[in-house]
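Biologist: Before I plan any bench work around this protein, I would like a close look at one part of the model, namely how its helices are packed. Please take me through that slowly, and then place it within the rest of the chain.

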Amino acid sequence: MTVQDVRAFNRFYTGLIGALDHGRRLYAPYTLTESRVLHELAQVPHLDAVDLRTLLDLDAGYLSRILNKFENAGLVERGLSRSDPRRRSVRLTAPGRAAAGLLEERARASVGALLDTVPPADRPRLAEAMRAIQDILGARPGGSHEGVLREPRPGDLGWIVQRNAALYAAEYGWNADYEGLVARIVADFAQDHDPHLERVWIAERAGRPAGCVMCVRDEAPGAARLRLLLVEPEARGHGIGDRLVRAVIDFARGVGYRELVLWTNDVLGSARRIYQRHGFVLVAERPHRSFGKDLVGQDWRLDLHESGT
């Protein structure tokens with residue numbers, strides 16, 4: 001492969017997806033970079049400006065001008081970060097979320113129209129080629145290892161069940177009872193959930209799911225429950241677990257929950273350390289026999305009004 005090969009592919013693909021004429025393609029008054037900023041802000045309720053700049057690899061001054069434009073248009077609000085008062089946090093307003101949602105809808109329609117031109121027999125080969133490019137170039141020195149958080153796509157809920165069952169069987173020897181529990185949790189969410197108060201996040205790295213977490217209403221009034229935190233073994237050590245837990249905390253606080261609770265087991269040491277870093281407090285533990293093992297179950301709690309994490 002030569003430099004000219006890569007440049008030729010870039011020219012072809014840029015023209016194919018209309019990157020140079022992004023606004024006209026999506027009938028939107030935003031550049032491609034501005035649309036990317038809106039998209040990332042739509043993934044989590046709050047995002048620090050410095051993290052947004054790092055995520056998109058943007059010049060600080062350029063990002064500041066974009067955010068100023070969005071703030072003047074009423075699309076974003078800026079304030080002090082909850083994790084570090086020296087930082088600035090950015091969040092979408094209701095009009096901002098509407099604008100991001102419209103862009104997402106039009107982008108999906110545009111890509112869908114493109115895929116409609118690809119014969120069904122060729123689509124697996126196309127998908128594998130795209131994954132290969134992401135895997136090879138994403139793993140280069142200086143490449144992105146953090147990944148992104150996004151909403152679940154068709155098939156992702158099934159992936160959550162499958163990966164939980166497979167990983168916990170491989171790493172802890174848990175039996176099919178655990179798969180049954182996860183399947184019921186996921187099925188309950190899929191069949192009946194309030195999108196304003198309950199959410200699922202998928203961590204994606206190099207184009208593939210790398211982790212997940214869920215926030216659902218708890219039986220206790222004013223409480224939300226964090227469930228099914230998982231990070232794939234090859235994606236660990238890159239802060240994905242922390243980002244998933246942070247997304248749940250910010251979401252739960254942002255929609256008005258008073259506390260966040262979770263249940264785990266003492267053998268899950270890495271997950272417990274993440275919860276502790278984010279201010280969760282162990283409130284109860286008790287031994288039990290589940291999933292074919294003798295375990296110690298633990299209840300953890302985070303007061304969302306007191307915690308500033």
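**Helix contacts and their surroundings**

Modeller: In the contact between helix α4 and helix α5, Ala49, Leu52 and Arg53 of α4 meet Ala60, Leu63 and Leu67 of α5. By residue type, this contact divides into five nonpolar residues, no polar ones and one charged. Please keep in mind throughout that this is a predicted model. Helix α4 covers residues 49-56 and helix α5 covers residues 60-72, and their axes come within 10 Å, crossing at roughly 115°. The crossing of α4 and α5 is right-handed.

Another helix pair can be read in the same way. Helix α8 (residues 156-172) and helix α9 (residues 176-191) have axes that come within 9 Å and cross at roughly 165°. Because an angle over 145 degrees counts as roughly antiparallel, α8 is described as roughly antiparallel to α9. The crossing of α8 and α9 is right-handed. On the α8 side the contact is made by Leu157, Ile160, Val161, Asn164, Ala165 and Tyr168, and on the α9 side by Tyr178, Glu179, Val182, Ala183, Val186 and Ala190. These residues of the contact of α8 with α9 divide into ten nonpolar, one polar and one charged. As background for reading such lists, an α-helix has 3.6 residues a turn, so residues three or four places apart point the same way.

Helix α11, which covers residues 269-277, is best described through what it buries: Gly269, Ala271, Ile274 and Tyr275 are buried. The elements covering the buried residues of α11 include strand β7, helix α10 (240-254) and strand β8 (259-265). Just after α11, Gly279 takes a positive phi of about 95°.

Since β7 is among the elements that cover α11, its backbone deserves a look as well. Leu228 is found in this strand, which covers residues 223-231, and Leu228 has a positive phi of about 60° although it is not a glycine. The side of burial is clear for this residue: Leu228 has a relative accessibility of 11%, and it counts as buried because that value is under 20%. Phe291 also has a positive phi of about 60° although it is not a glycine. Phe291 sits in the loop between β9 (281-290) and β10 (293-303), and at 8% relative accessibility it too counts as buried.

For a biochemist the cysteines may matter as well. A disulfide is a covalent bond between the sulfur atoms of two cysteines. With a pair of cysteine sulfur atoms within 2.5 Å as the test, the count in this model comes to zero disulfides. Cys212 is buried, with a relative accessible area of 1%, and Cys215 is likewise buried, at 0% relative accessibility.

To set these parts in the whole, the protein has eleven helices and ten strands. Of its 309 residues, 40% count as buried. Among the contacts with a separation of 6 or more, 61% are between residues 24 or more positions apart.

Note on methods:
Residues are numbered from 1 along each chain as its sequence is written. This is a predicted model: local features need pLDDT of at least 70, side-chain atom pairs count only at pLDDT 80 or more; totals for chains, interfaces and linings use all residues. Side-chain values use heavy atoms; hydrogens and water are left out. Buried means under 20% relative accessible area, exposed over 50%, partly exposed in between (1.4 Å probe, protein chains only). Helices (H or I, at least four residues) and strands (E, at least two) are DSSP runs, numbered from the N terminus. Axes are lines fitted to C-alpha atoms, for helices over the stretch in contact, and angles run from 0 to 180 degrees between N-to-C directions. Angles under 35 degrees count as roughly parallel, over 145 as roughly antiparallel, 65 to 115 as roughly perpendicular and the rest as oblique. A crossing is left-handed if the near helix is turned anticlockwise from the far one by less than a right angle, and right-handed if clockwise. Contact means heavy atoms within 4.5 Å. Ala, Val, Leu, Ile, Met, Phe, Trp, Tyr, Cys and Pro count as nonpolar, Asp, Glu, Lys and Arg as charged, and the others, Gly among them, as polar.
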